[in-house]
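Me: Hi! Could you help me read a protein structure, one step at a time?
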Amino acid sequence: MKPIISIIMGSTSDLPIMEKACKWLNDQKIPFEVNALSAHRTPDAVETFAKEAKGRGIKVIIAGAGMSAALPGVIAACTPLPVIGVPIKGMLDGLDAMLSIVQMPPGIPVATVGVNGAQNAAILAAEMIALGDEDMAQKIDNWKAGLGKKIEKANADLAAIKDYEYKCN
């Protein structure tokens, strides 16, 4: 299947975080691609990637970046596609990356999820696509229905534990 979501990261050291997005998309059978390109070390390749993404059928780009976190903004400056930034924890517990991603100038928006929030980025990308794709909307509805079932099961499991007694004084 042709990818409709592109996941890009500044280096393969970001893969342990970004693979959470890959896993969620794979579990939902949503076609995606993964690339490692650096806004600082391969700026021409990043620009080419961003400018060609729409023509290749990509609908949303997820860009993970740590430290100066320029990658999501550089991509957003070069494409009309929505870009979701994933700040990756590094220095300052990821606050530096998060602030770099959310502080974009007018006209260059980047949606941003929490630090190391790659799975949420994948879900948000699918939700964006679902606005015009009923099959995608159904996948998300089914997945979200499963969230409630997991919590209900966890609550029942907790209630079944007889070794705990909670007291309020």
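Here are a few questions with their answers.

Reply: Happy to help! This is a predicted model, where local features need pLDDT of at least 70, side-chain atom pairs count only at pLDDT 80 or more, and totals for chains, interfaces and linings use all residues. Residues are numbered from 1 along each chain as its sequence is written, and side-chain values use heavy atoms, with hydrogens and water left out.

Me: How are H1 and H5 oriented to each other: roughly parallel, roughly perpendicular, roughly antiparallel or oblique?
Reply: Helices are DSSP runs of H or I with at least four residues, and strands are runs of E with at least two, numbered from the N terminus. The axes (lines fitted to C-alpha atoms, over the stretch in contact, with angles from 0 to 180 degrees between N-to-C directions) of H1, residues 15–27, and H5, residues 118–130, come within 7 Å and cross at roughly 40°. Angles under 35 degrees count as roughly parallel, over 145 as roughly antiparallel, 65 to 115 as roughly perpendicular and the rest as oblique. The two helices are therefore oblique.

Me: How many residues of the contact of H1 with H5 are nonpolar?
Reply: Contact means heavy atoms within 4.5 Å. Residues including Trp-24 and Leu-25 of H1 and Ile-123 of H5 make this contact. Ala, Val, Leu, Ile, Met, Phe, Trp, Tyr, Cys and Pro count as nonpolar, Asp, Glu, Lys and Arg as charged, and the others, Gly among them, as polar. The split is 1 charged, 1 polar and, as nonpolar, 9.

Me: Where is Asp-14?
Reply: UniProt, in an unreviewed entry, lists Asp-14 under "binding site", though such annotations may be inferred rather than shown by experiment. Asp-14 sits in the loop between strand S1 (5–9) and H1.
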